[in-house]
Amino acid sequence: MTLNTLPSRSIRTYRGAAAVALAATTALLAGCSSSSDSKSDPLSDSKASGDTVVVGSNNFAESTLIADIYGEALKAKGVKVTYKPNIGSRETTYGLLKNGSISVLPEYNGALLAYLDPKAAPKTIDETTKAIEAKLDSKLTLLNPADAQDKDTVTLNAATAAKYNLTAKSSIADLKDIAKDLVIGASPEFQTRQQGLVGLKSVYGLEFKSFKALDAGGALTEAALTKNAVQAADIFSTDPTITKEKFVVLQDPKNLFGFENVQPLVYKSALNQTAVDALNAVSAKLDTATLLDLDTQVQSDNKDPLDVAKAWLKKAGLS
């Protein structure tokens, strides 16, 4: 697979981990993100004993937060839980799931499908799930997807949105007559990707004034948008900077940027129906706005992700 066809969530999982590594490391050193609970070597292939469910996470802050949500939701239903946080890349986590060393992992459906079948191009969330299940190891399965998505977006800074009377209910299509006056910023590969300038032109008819090569939704892109060096940018939909800087994320009704729903990937035999129901209940209440708020609490407000997870579960009636 070439870089310019690599779906965005995959890019964030492998590249974006560096952008949040400091926050994740700080959290771990502070004793948070499950560190007060039973925890084992994340790269160990030892299996949990008895009826213990092992909840893993990749090595970026949002994955760790969602893993804490999953684990605490399971505990609330009387399930024994241990954690393997901050494991690393999808190649590693998938292998640990297949051999039963991990029971549950927060996944993103579009990126997982790209890993399993790079040529797949589903048109709906259901099609995405079915395409994944067709390629999954037989010992694994997906539970229900959440509405929450962490995906590429076209995002405007506050001044630009106000100038053109655009809000969070506005669509990318609403830029058609004004894109010619805007500079858009993103990672270099965004310029040649279908999920980038190519698709913005072919799907939405947008041609921007110019393109500024920055990074993959990281600090360079955030700073450029904040300082109005670019007026539009590819910012991930649960980036806390959206809240901090009052950025406006435009709707993507034609799903140019695909699907990146949070979805539990599980080792079938490790979960009973009580555990399955607990995780599906989380998915039923976790939407993008909620996940953005929770990420902001952890990454901007420096709150303990385990405390944030517990507080949200209580508020949602899941603890």
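In this predicted model, five strands make up an open sheet whose order is S7-S6-S8-S5-S9, and the pairing within it is mixed. Its edges are formed by strand S7 (210-213) and strand S9 (248-249), each of which pairs on one side only. At the S9 edge, strand S5 (residues 155-156) is joined to S9 by two bridges, and the two strands run antiparallel. Within this pairing, Leu156 stands opposite Val248 of S9. In general, the strands of a sheet pair through backbone hydrogen bonds, in either a parallel or an antiparallel sense.

Strand S8 (232-233) leads into a loop that ends at helix H9 (241-245), and Asp239 lies in this loop. Despite its place in a loop, Asp239 has a relative accessible area of 5%. Because this value falls under the 20% cut-off, Asp239 is classed as buried. A polar atom of the Asp239 side chain lies 2.8 Å from the backbone nitrogen of Thr241. When residues up to four places away in sequence are not counted, Asp239 touches Gly217, Glu222 and Leu292.

A parallel pairing is found elsewhere in the chain, where strand S1 (residues 53-56) and strand S2 pair over four bridges. One of the bridge partnerships places Gly56 with Lys84 of S2. The chain passes from S1 through helix H2 (residues 61-76) to S2, and the resulting β-α-β crossover is right-handed. Along S2 (residues 81-84), Val81 and Tyr83 point one way while Thr82 and Lys84 point the other way. All four of these residues are buried.

The S1 region is also approached by a residue that is remote in sequence. Ala270 sits in the loop between strand S10 and helix H10 (273-285). The C-alpha atoms of Ala270 and Val54 are separated by 8.6 Å, although the two residues are 216 residues apart along the chain. Neighbours within four places in sequence aside, Ala270 is in contact with Val53 and Ser103. Ala270 has a relative accessible area of 23%, so it counts as partly exposed.

Helix H5 (residues 125-135) shows how burial can be distributed around a helix. Its buried residues are Thr128, Thr129 and Ile132. These residues lie on the same side of H5 because they cover an arc of only 95° around the axis. The underlying geometry is that an α-helix has 3.6 residues a turn, so residues three or four places apart point the same way. On the other side of H5, the exposed residues are Asp126, Lys130 and Ala134. The buried residues of H5 pack against helix H4 (109-116), strand S4 (140-142) and strand S10 (262-267).

Helix H4 also takes part in an aromatic contact. A search of the whole structure finds three aromatic pairs. One of them is formed by Tyr94 and Tyr115, whose ring centres are 5.6 Å apart and whose planes stand at 70°, so the pair is edge-to-face. This pair links distant parts of the chain, with Tyr94 in helix H3 (residues 90-98) and Tyr115 in helix H4, 21 residues apart. Tyr94 is buried, at a relative accessible area of 7%, whereas Tyr115 is partly exposed, at 30%.

Notes
Residues numbered from 1 in each chain as written. Predicted model: local features only at pLDDT ≥ 70, side-chain atom pairs only at ≥ 80, totals over all residues. Heavy atoms only, no water. Buried < 20%, exposed > 50% of the residue type's maximum accessible area, 1.4 Å probe, protein only. Polar contact = N/O pair within 3.5 Å; in protein donor to acceptor, adjacent residues only side chain to side chain. Contact = heavy atoms within 4.5 Å. Arc of directions from axis to C-beta. Pairing = 2+ DSSP bridges. Right-handed = clockwise from strand over helix to strand, strands pointing away. Phe/Tyr/Trp six-rings, centres within 6.5 Å; stacked < 30°, edge-to-face > 60°.
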